[in-house]
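I am opening these notes to keep track of what I look up, entry by entry. I start with confidence, then turn to a pocket, and after that to single residues.

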Amino acid sequence: MFRNLGWVSNDNFAPDNSRSPQNNPKTDEQLLDAYSQAVINVVEKVSPTVVNIDVKKWLTGRSRSYQPLTQEVRGNGSGFIFTQDGYILTNSHVIHGASKIQVTLSDGRSYDAEMIGDDPDTDLAVIRIYAPNLVAARFGDSQALKVGQLAIAIGHPYGFQTTVTTGVISALGRSFQSRSGKLIENIIQTDAALNPGNSGGPLVTSHAEVIGINTAIVMAAQGICFAVPINTAKMVIPTLMRYGQVRRGYIGIGGQNVQISRRIMLFNELAVDTGIFVMHVEPNSPAKKAGLLQGDVIVGFNNSPLRGIEDLQKFLTPERVAVRSQLTILRNNRKLVIDIVPEESTRG
């Protein structure tokens, strides 16, 4: 969907109350000091959870003489520990198809890792190591994010020490096409720079809480990077840990969360004041067959209100596949109910 200090200490100076804060140069220094200290505190808390992931894969192709050729290739990425017993979250594209996975911790210890689960549709995967004295990252709430708030990206690429970049949340509710071909919804856009090898590392807040998993860089643009929201990971992780993969219902839309005016909400007797704005309807999808249109706003599923994309994903369980269901939508600000039959999401 998208394409790439130092400061002077004031300890020896008495405060000058005759100068307003707006004209006081010390104010800027104090702000920079506070900003720097906030980042330092986050890095000290989170960096012990960040790992380097080195993978080996066997690829089959053909030589210049068109003879079958199998060769081993290496890849690299980042991840982070989210339980003290060694479970690690990373990107699917980092470890998908790996024949060997090795994890290096921030203190230099290295361990072989086992694959636990892989979901290309959300570009998320869980692996595990068995090691003592592990520190686990703390999850935040990506639904509570605001555009403009501080974002800190941490990675552990290519065996180097932890790398840190800072920026802000640039946009929310983006859609991004995963390598399986499916749209990942509600993606976080940030200008915290990502470098090759940082895929799978955490995007964190000033409170040292993980709110995203860094996943992609727009190579043709500067300062545009994407992260899968941690709330998506919270839904995917239990299934990956139990079954190793995710089966889900699929309706075939690209959308983003929107606010609904109180007037429209009251007129249509809606239970919530947010919904899912349909930006794109995929050809031959259940949504297309049901008559869903670009510009519709989805506000309910089977008589249950939907506050946003994450609510819809919770309803699209394997049990809903091939079962006729109802979507409540707003079209031209009027409420309609349409029938839809979700299909099973297939990997590309």
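**Entry 1, confidence.** I looked first at how confidence is spread over this predicted model, and found that in the protein chain it is lowest in helix H1 (residues 25-46), with a mean of 82, and highest in strand S3 (residues 87-90), with 98. Over residues 1-19 I noted a pLDDT below 50, and this stretch has 31 contacts in the model beyond near neighbours in sequence. For the protein chain I wrote down an average pLDDT of 84, with 84% of the residues scoring at least 70.

**Entry 2, the largest pocket.** I next looked up the largest pocket, which holds about 680 Å³ of space. Its lining is made up of 28 residues, and those that lie nearest its centre are Thr122, Arg248, Gly249, Gln313 and Leu316. I then asked which elements give two or more residues to the lining, and these are strand S10 (183-190), helix H3 (230-243), strand S14 (249-250) and helix H6 (309-315). Sorted by class, the lining has 13 nonpolar residues, eight polar ones and seven charged ones.

**Entry 3, Asp311.** Staying with helix H6, I looked up Asp311, which has its place there. Is Asp311 buried or exposed? I count Asp311 as buried, because its relative accessible area is 18% and the cut-off for buried is under 20%. Apart from neighbours within four places in sequence, Asp311 is in contact with Pro305 and Leu306. I also noted a separation of 9.7 Å between the C-alpha atoms of Asp311 and Gly275, which are 36 residues apart along the chain.

**Entry 4, Asn268.** I found Asn268 in the loop between helix H4 (262-267) and strand S16 (274-281), and I list Asn268 as buried because its relative accessible area is 7%. Setting aside residues up to four places away in sequence, Asn268 touches Leu330, Asn333, Arg334 and Lys335. Between Asn268 and Arg334, which are 66 residues apart along the chain, the C-alpha atoms are separated by 6.7 Å. Which backbone oxygens does the side chain of Asn268 reach? A polar atom of this side chain lies 3.0 Å from the backbone oxygen of Ile264, and the side chain also reaches the backbone oxygen of Asn333 at 3.0 Å.

**Entry 5, Asn333 and Asn133.** Having met Asn333 as a partner of Asn268, I looked up where it sits, which is the loop between strand S19 (325-331) and strand S20 (334-340). I count Asn333 as partly exposed because its relative accessibility is 42%. The phi of Asn333 is positive, at about 70°, although Asn333 is not a glycine. I made a note of this because most residues other than glycine have a negative phi. Asn133 also has a positive phi, of about 55°, and is not a glycine; Asn133 lies in the loop between strand S6 (124-128) and strand S7 (138-139). Asn133 is exposed, because its relative accessible area is 70%.

**Entry 6, Thr49.** My last entry is on Thr49, which lies in the loop between H1 and strand S1 (50-62). I list Thr49 as buried because its relative accessibility is 1%. Leaving out neighbours within four places in sequence, I found Thr49 in contact with Gly79, Phe80 and Ile81, and also with Val135, Ala136 and Ala137. The C-alpha atoms of Thr49 and Gln84, 35 residues apart along the chain, are separated by 9.6 Å.

Methods: Residues numbered from 1 in each chain as written. Predicted model: local features only at pLDDT ≥ 70, side-chain atom pairs only at ≥ 80, totals over all residues. Heavy atoms only, no water. pLDDT = per-residue confidence, 0-100. Contact = heavy atoms within 4.5 Å. 1 Å grid on protein atoms, 1.4 Å probe; cavity = no way out; pocket = protein on both sides within 12 Å on 5 of 7 lines; lining within 4 Å. Points joined across faces, edges and corners; volume = space filled by probe spheres on them. Nonpolar A, V, L, I, M, F, W, Y, C, P; charged D, E, K, R; others polar. Buried < 20%, exposed > 50% of the residue type's maximum accessible area, 1.4 Å probe, protein only. Polar contact = N/O pair within 3.5 Å; in protein donor to acceptor, adjacent residues only side chain to side chain.
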